Amino acid sequence: MPYLFTSEEYADMVFILGYCNGNARAAVEEYELRYPNRRIPDTKTISGTFRTLRETGSLPSTRTNYERAVQLDDDIVINAVHRSPGVSTRRISRRIGVSQSTVWRSLNRNKFYPFHKQKVQHLQLGDGPLRLEFCNFLNINNQLYKRILFTDEAQFTRDGVNNLHNEHSWAEENPHEVVEQNFQHRFSVNVWCGLLHNRLIGPFILPGRLNAEFYLHFLQ
């Protein structure tokens, strides 16, 4: 998004350009020398400001330029996410040539939020009617679910899951904190648990190398 200067700054650009006999490059250097604490315009900005004043009799309308720039950025960003809803803000910024923060502001202004995808079981071609038939069967036999055993297994490891992106330390200087991981002595534990109506069954510890024969024996 282009930076907007104040009317006073635009007027100073025109004055300094005249002071430098119309030399825009020299005007940039003179402007920086006189106003070291301001944002320094480039040669195109200074020349464009003078041209606008000469052709229209007034300085550039910062409000109109700002609104047009915002609307243009919003349209481009929204079109990008409509074409590819899973695209990242970094890729959009590289593709259309704006900063990543500009992309975020455009999405926030238009009430777009980064919703996370949810993993679901893949259904085969004939699964839909079978599942519907089973649901209707349970509705008719509404006491049957009390006799259905729901089970699940999970494997737990010593190192676990450690997402460093979510961990940080607030400090004035970098404390160089580390997270130790002991990969030399790794182990894993298989845990089985079941749910029958309102009763929890387990948990049970299963061997590390679980095969079909042992699992069938365990269930029996």
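This note goes through the fold, the nonpolar cores and one buried threonine of a predicted model.

1. Overall fold. The secondary structure of the protein amounts to 8 helices and 3 strands, and, read from the N terminus, the elements follow the order α-α-α-α-α-α-α-β-β-β-α, with the three strands placed between a run of helices and a final helix.

2. Burial and surface. Of the 220 residues in the protein, 19% are buried, while the accessible surface comes to about 18,100 Å², with 52% of that area belonging to carbon and sulfur atoms.

3. Contacts along the chain. When contacts in the protein between residues at least 6 apart in sequence are considered, 50% of them join residues at least 24 apart.

4. The largest nonpolar core. This core has 11 residues in all, namely Phe5, Tyr10, Met13, Ile16, Leu17, Cys20, Ala24, Ala27, Val28, Tyr31 and Ile46; the elements that give two or more residues to this core are helix 1 (7-19) and helix 2 (24-34). Ile16, one of the core residues, is in contact with Ala27, Glu30, Tyr31, Arg34 and Tyr35 once its neighbours within four places in sequence are left aside.

5. Another core. Apart from the largest core lies another, made up of 9 residues, including Val77, Val81, Ile92 and Leu107.

6. Thr102. This residue lies in helix 6, which spans residues 100-109, and its side chain is joined to that of Ser99 by a polar contact of 2.8 Å. Thr102 counts as buried because its relative accessible area is 1%, whereas the cut-off for that class is under 20%.

Definitions and conventions:
Residues numbered from 1 in each chain as written. Predicted model: local features only at pLDDT ≥ 70, side-chain atom pairs only at ≥ 80, totals over all residues. Heavy atoms only, no water. Helix = DSSP H or I, 4+ residues; strand = E, 2+ residues; numbered from the N terminus. Buried < 20%, exposed > 50% of the residue type's maximum accessible area, 1.4 Å probe, protein only. Polar contact = N/O pair within 3.5 Å; in protein donor to acceptor, adjacent residues only side chain to side chain. Contact = heavy atoms within 4.5 Å. Areas by Shrake-Rupley, 256 points an atom, 1.4 Å probe, with all protein chains shown as cover. Core = buried A, V, L, I, M, F, W, Y, C linked by side-chain atoms within 4.5 Å.
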